[in-house]
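Subject: Structure handover

Dear colleague,

Here is the structure I said I would pass on. My notes follow below it.

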Amino acid sequence: DMQEVDFFAESLEKFETTAGLFYLADDLGKNEIVSFHTSVQNPDKFVNVKNPETKDVVIIPLDHNLKVFKENGRDQESLCDYLLRVNDREMLIFGEIKTGKSGWAKAGADQISNTLRIFRSCHNLSDWSKTIAYVSNRRFWKARTSHRNTISEFWVQNRIPLRIQNEVVVE
């Protein structure tokens, strides 16, 4: 039986912004949650999140913030790095930030799939008008043709579009 998990729990660390452009990073320290910045020296070292309509965005770091245990009660589930909640019920964006040179897109997609499986066991995705997933890697700004399989497998498994790019767009 799955434990009750609340991805929106008050106790979780989170950030809120209406900035038209903001930045996320996941490599500011081992076992640290995703960091949020409204201005940075080197934008190309961060995931760039564009929010052209300056919507209300709640950034919920998941990895190292929300703890979900596997059925054995010891091991933790692998969660993606962050969840963006847009205008409350308008949109959800599940995101994973990678820095590797190979295999990262598939690994990130798998982490988001696992997160979605857990999310669906305790929340109803249809409460949101739109859900999208992003795997980002600052070394590779755009998806490669080699990512086609990862993107289509993700769709078949989750029925949610996956974008592999370093620029996340709040629609």
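How many residues does helix α1 have, and what distance does it reach from its first C-alpha to its last? The model is a predicted one, and in it α1 (residues 104-122) has 19 residues and reaches 28 Å, close to the 27 Å expected at 1.5 Å a residue.

Helix α1 and the core

The buried residues of α1 include Trp104, Ala105, Gly108, Ala109, Ile112, Leu116 and Phe119. Polar residues of the helix are buried too, among them Gln111, Ser113, Asn114 and Thr115. The elements they pack against are β6 (82-86), β7 (91-98), β8 (130-137), α2 (148-158) and β9 (162-164).

The largest nonpolar core has 31 residues, and the members that touch the most others are Phe7, Leu83, Phe94 and Phe119. At least two residues each come from β5 (57-61), β7, α1, β8 and β9. The largest share is that of α1, with seven residues. Within that helix, Phe119 contacts Phe7, Phe8, Leu83, Leu92, Phe94, Leu125 and Trp128, if neighbours within four places in sequence are left aside. There is also a second, separate core of 17 residues, including Val47, Val86, Ile132 and Val170.

The six-stranded sheet

One open sheet is formed by six strands in the order β1-β5-β6-β7-β8-β9, with mixed pairing. The edges are β1 (15-17) and β9; each has a single partner strand, so one side of each is left without a neighbour in the sheet. From one strand to the next the twist averages 20 degrees. At the β9 end, β8 and β9 run parallel and are joined by three bridges; Tyr134 has Arg163 of β9 as its bridge partner.

Helix α1 packs on this sheet and touches β6, β7, β8 and β9, its direction making about 140 degrees with that of β7. Helix α2 lies across β8 and β9 and runs at about 160 degrees to β9.

How do the two helices lie relative to each other? Their axes, those of α1 and α2, come within 10 Å and cross at roughly 10 degrees. Since angles under 35 degrees count as roughly parallel, that makes α1 roughly parallel to α2. On the α1 side the contact is made by Ala105, Lys106, Ala109, Ile112, Ser113, Leu116 and Arg120, and on the α2 side by Thr150, Glu153, Phe154, Gln157 and Asn158.

The four-stranded sheet

Another open sheet, also of mixed pairing, has four strands in the order β3-β2-β4-β10. Its edge strands, β3 (35-37) and β10 (167-169), each pair on one side only. Direction ignored, neighbouring strands here are turned by 25 degrees against each other on average.

Strand β2 (residues 21-25) has four of its five residues buried, so it is largely enclosed by the rest of the structure. It pairs with β4 in the antiparallel sense over four bridges, and three bridges join β2 to β3, also antiparallel. Leu24 has partners in both: its bridge partner in β4 is Val47, and in β3 it stands opposite Phe36. On its way to the edge, the pairing changes sense: β4 (residues 47-50) and β10 are parallel, over three bridges, and Asn48 has Glu167 of β10 as its bridge partner.

Regards

Conventions:
Residues are numbered from 1 along each chain as its sequence is written. This is a predicted model: local features need pLDDT of at least 70, side-chain atom pairs count only at pLDDT 80 or more; totals for chains, interfaces and linings use all residues. Side-chain values use heavy atoms; hydrogens and water are left out. The expected span of a helix is 1.5 Å times one less than its number of residues. Buried means under 20% relative accessible area, exposed over 50%, partly exposed in between (1.4 Å probe, protein chains only). Contact means heavy atoms within 4.5 Å. A nonpolar core is a set of buried Ala, Val, Leu, Ile, Met, Phe, Trp, Tyr and Cys residues joined through side-chain atoms within 4.5 Å. Two strands pair if DSSP finds at least two bridges between them. Axes are lines fitted to C-alpha atoms, for helices over the stretch in contact, and angles run from 0 to 180 degrees between N-to-C directions. Angles under 35 degrees count as roughly parallel, over 145 as roughly antiparallel, 65 to 115 as roughly perpendicular and the rest as oblique.
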